[in-house]
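User: Hello! I am new to this structure and would like a close look at one part of it, the sheet and the core beside it. Could you walk me through that slowly?

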Amino acid sequence: MTIRFIIKTQAATQGRSGRNEVAKKRVPLYVRIRDGRDVDYIARTALLVYPKWWNPVREEVSPSCACPEEERIKVNMAIIALRNYLVL
């Protein structure tokens, strides 16, 4: 089973006005669960992140971004807890 955390940046970059609004708003974090060919689910979580802060390779809020330290730790710990819950 594979568990990935993703953001859908296309929805985040195009607002109603059609302008680039990435820096202005947080986007929801999605979890994608795959298991072979039969299982492929994507679900929205309650976690919100700025796309500039997200590191898609490490699947966490990047430690090198200019975000508040307490918020980065809170989001990353929530991701770890959700991953552990889904694995068990």
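To start with the whole chain, how much accessible surface does the protein chain have, and what percentage of it belongs to carbon and sulfur atoms? After that, please take me to the sheet and the core.

Analyst: Happy to! Please keep in mind that this is a predicted model. The accessible surface of the protein chain is about 6,400 Å², and 51% of it belongs to carbon and sulfur atoms. Of the chain's 88 residues, 35% count as buried.

Next, the layout. The chain holds 2 helices and 5 strands, and read from the N terminus the elements follow the order β-α-β-β-β-β-α.

Now to the part you asked about. An open sheet is built from 3 strands, ordered β1-β2-β3, with antiparallel pairing. The edges are taken by β1 (2-6) and β3 (39-49); each has a single partner strand, so one side of each has no neighbour in the sheet. On average, neighbouring strands here are turned by 20 degrees against each other, ignoring direction. Between β1 and β2 (residues 27-35), which run antiparallel, there are 5 bridges. If you would like a spot to find on screen, look for Ile6, which stands opposite Tyr30 in β2. Helix α2 (residues 69-87) packs on this sheet and touches β1, β2 and β3. The direction of α2 makes about 155 degrees with that of β1.

That brings us to the core. The largest nonpolar core has 16 residues, and those with the most contacts inside it are Phe5, Ile7, Leu29, Val49, Trp54, Val61 and Ile79. At least two residues of this core come from each of β1, β2, β3 and α2, with β2 giving the most, 4 residues.

Two of these core residues deserve a closer look. Val49 lies in strand β3, and because its relative accessibility is 1%, Val49 counts as buried. Beyond its neighbours within four places in sequence, Val49 is in contact with Ile7, Arg26, Val27, Trp54, Val61 and Val75. Val49 and Val61 are 12 residues apart along the chain, and their C-alpha atoms are separated by 7.9 Å. The other residue is Trp54: again leaving out neighbours within four places in sequence, Trp54 is in contact with Phe5, Ile7, Leu29, Val49, Glu59, Glu60, Val61 and Ile79.

Finally, a step back to the whole chain: among contacts between residues at least 6 apart in sequence, 46% join residues at least 24 apart.

Notes:
Residues are numbered from 1 along each chain as its sequence is written. This is a predicted model: local features need pLDDT of at least 70, side-chain atom pairs count only at pLDDT 80 or more; totals for chains, interfaces and linings use all residues. Side-chain values use heavy atoms; hydrogens and water are left out. Two strands pair if DSSP finds at least two bridges between them. Axes are lines fitted to C-alpha atoms, for helices over the stretch in contact, and angles run from 0 to 180 degrees between N-to-C directions. Contact means heavy atoms within 4.5 Å. A nonpolar core is a set of buried Ala, Val, Leu, Ile, Met, Phe, Trp, Tyr and Cys residues joined through side-chain atoms within 4.5 Å. Buried means under 20% relative accessible area, exposed over 50%, partly exposed in between (1.4 Å probe, protein chains only). Accessible areas come from the Shrake-Rupley method with a 1.4 Å probe; for residues, only the protein chains shown count as cover.
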